[in-house]
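Let's take a walk through this fold, starting with the sheet and ending with a pair of helices. Have the viewer open as you read.

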Amino acid sequence: MLSIAITGANGQLGQSLRAIAPLFPNLDLKFFNRSELDVTNRKSIQEAFGSKHFDYLINCAAYTNVVGAESNSEAANLLNGLAAGYLAEAAQKNKTHLVQISTDYVFDGTKLEPYVPTDLTNPLSVYGQSKLLGEQLVAQNCDHYSVIRTSWVYSEFGSNFYTKIKTRADEGQILWITDEYIGCPTYAPKLAQHILSGITKGDLPQGVSHFAGKEVMTWFGLARKLLPEADIRVAPKEKQPLSVNRPKYSALAG
Ligand SMILES: NC(=O)c1ccc[n+]([C@@H]2O[C@H](COP(=O)([O-])OP(=O)(O)OC[C@H]3O[C@@H](n4cnc5c(N)ncnc54)[C@H](OP(=O)(O)O)[C@@H]3O)[C@@H](O)[C@H]2O)c1
């Protein structure tokens with residue numbers, strides 16, 4: 001039976017892995033939430049992974065507040081960058097395959113067709129830069145890893161685009177949603193399924209790969225798809241929060 005450690009287990013990907021775990025009875029999954037294992041603490045990582053061997057480590061811990069990262073670059077770099085490196089060191093030492101999740105925000109969005117893993121990265125935001133740092137430190141510090149870039153992750157778990165617009169729609173609000181950006185929304189349990197099924201079958205892509213939903217759309221299009229009954233309108237510029245530089249186009253292709 002393969003043993004798998006999951007860090008950042010209370011986030012939406014962590015909760016999605018937990019939800020589909022019963023479909024994979026041949027995997028022994030151990031979930032670590034933030035209070036059980038702080039991935040920014042190198043010593044705790046060494047202790048957790050030195051005392052028990054895991055075949056795989058899926059790192060779901062991340063600083064995902066894209067706007068907040070702009071004014072908290074140190075915290076974003078620590079969690080998305082350095083901590084990924086600490087986990088990679090532990091993975092290397094303990095013969096564990098590290099699965100690190102990354103993002104479409106490593107790209108600048110100037111390409112006119114879906115990004116492939118070998119495309120040049122050029123993040124526009126602190127969040128994107130910190131995630132790219134994580135990719136680099138993983139590659140530098142361990143031999144056996146899968147960096148999976150995904151995009152626009154949503155689910156019924158935790159706080160994300162879907163749960164936020166659903167709450168507002170349930171309160172009877174008009175939803176003003178931008179149509180400025182184009183990408184591939186990804187349902188978190190599908191990403192979770194991709195990872196666990198790849199581990200089970202032994203065909204999880206090594207190195208850097210992309211996994212995202214198949215449909216290319218705007219945030220406005222996604223809102224309409226998720227909540228067809230709600231009153232959803234395209235946000236004019238003045239209704240859009242002052243924001244971070246994000247890639248205008250970030251569809252991902254395998
Ligand atoms: N969400 C998206 O749209 C999106 C898009 C592209 C890529 N991604 C990537 O996909 C992955 C999963 O994202 P997600 O949406 O599941 O994120 P999420 O819901 O924000 O979950 C992140 C988790 O990390 C935990 N965490 C924070 N600091 C930690 C620490 N020091 N040690 C251990 N855990 C810590 C948080 O704990 P608490 O629960 O205690 O806060 C939270 O449970 C991330 O790598 C993210 O960058 C996400």
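In this predicted model, the sheet is open and has 6 strands, in the order β2-β1-β3-β4-β5-β10, with parallel pairing. The edges are held by β2 (27-32) and β10, and since each has a single partner strand, one side of each is left without a neighbour in the sheet. Going from one strand to the next, the twist averages 20°.

Here are three of the strand pairings, each with its bridge count and one bridge partner pair.

| Strands | Sense | Bridges | One partner pair |
|---|---|---|---|
| β1 (residues 2-7) and β2 | parallel | 6 bridges | Ser-3 and Asp-28 |
| β4 (residues 97-103) and β5 | parallel | 6 bridges | Ser-102 and Arg-149 |
| β5 and β10 (residues 207-210) | parallel | 4 bridges | Ile-148 and Ser-209 |

Now zoom in on β5. It spans residues 145-150 and is mostly covered, with 6 of its 6 residues buried. Which residues point which way? Tyr-145, Val-147 and Arg-149 go to one side of β5, while Ser-146, Ile-148 and Thr-150 go to the other, and all are buried. That's the textbook pattern: in a regular strand, side chains alternate between the two faces of the sheet.

On one flank, β5 pairs with β4, where Ser-102 sits opposite Arg-149. To get from β4 to β5, the chain passes through helix α5 (residues 126-141), and this β-α-β crossover is right-handed. β5 also pairs with β10, this time over 4 bridges, and Ile-148 has Ser-209 as its bridge partner there.

Back at the other end of the strand order, β1 and β2 run parallel. Helix α1 packs on the sheet, where it touches β1, β2, β3 (56-59) and β4, and its direction makes about 145° with that of β2.

That same helix has a helical partner too. α1 (residues 12-20) packs against α7 (residues 188-201) at an angle of about 65°, and the axes lie 8 Å apart. Is the crossing left-handed or right-handed? The crossing of α1 and α7 is right-handed. From α1, the contact takes in Gln-12, Leu-13, Ser-16, Leu-17 and Ile-20. The α7 side brings Ala-188, Pro-189, Leu-191, Ala-192, Gln-193, Ile-195 and Leu-196. Sorted by class, the contact between α1 and α7 has 9 nonpolar and 3 polar residues, with no charged ones.

Technical notes: Residues are numbered from 1 along each chain as its sequence is written. This is a predicted model: local features need pLDDT of at least 70, side-chain atom pairs count only at pLDDT 80 or more; totals for chains, interfaces and linings use all residues. Side-chain values use heavy atoms; hydrogens and water are left out. Buried means under 20% relative accessible area, exposed over 50%, partly exposed in between (1.4 Å probe, protein chains only). Helices (H or I, at least four residues) and strands (E, at least two) are DSSP runs, numbered from the N terminus. Two strands pair if DSSP finds at least two bridges between them. A crossover is right-handed if, with the strands pointing away from the viewer, the path from the first strand over the helix to the second runs clockwise. Axes are lines fitted to C-alpha atoms, for helices over the stretch in contact, and angles run from 0 to 180 degrees between N-to-C directions. A crossing is left-handed if the near helix is turned anticlockwise from the far one by less than a right angle, and right-handed if clockwise. Contact means heavy atoms within 4.5 Å. Ala, Val, Leu, Ile, Met, Phe, Trp, Tyr, Cys and Pro count as nonpolar, Asp, Glu, Lys and Arg as charged, and the others, Gly among them, as polar.
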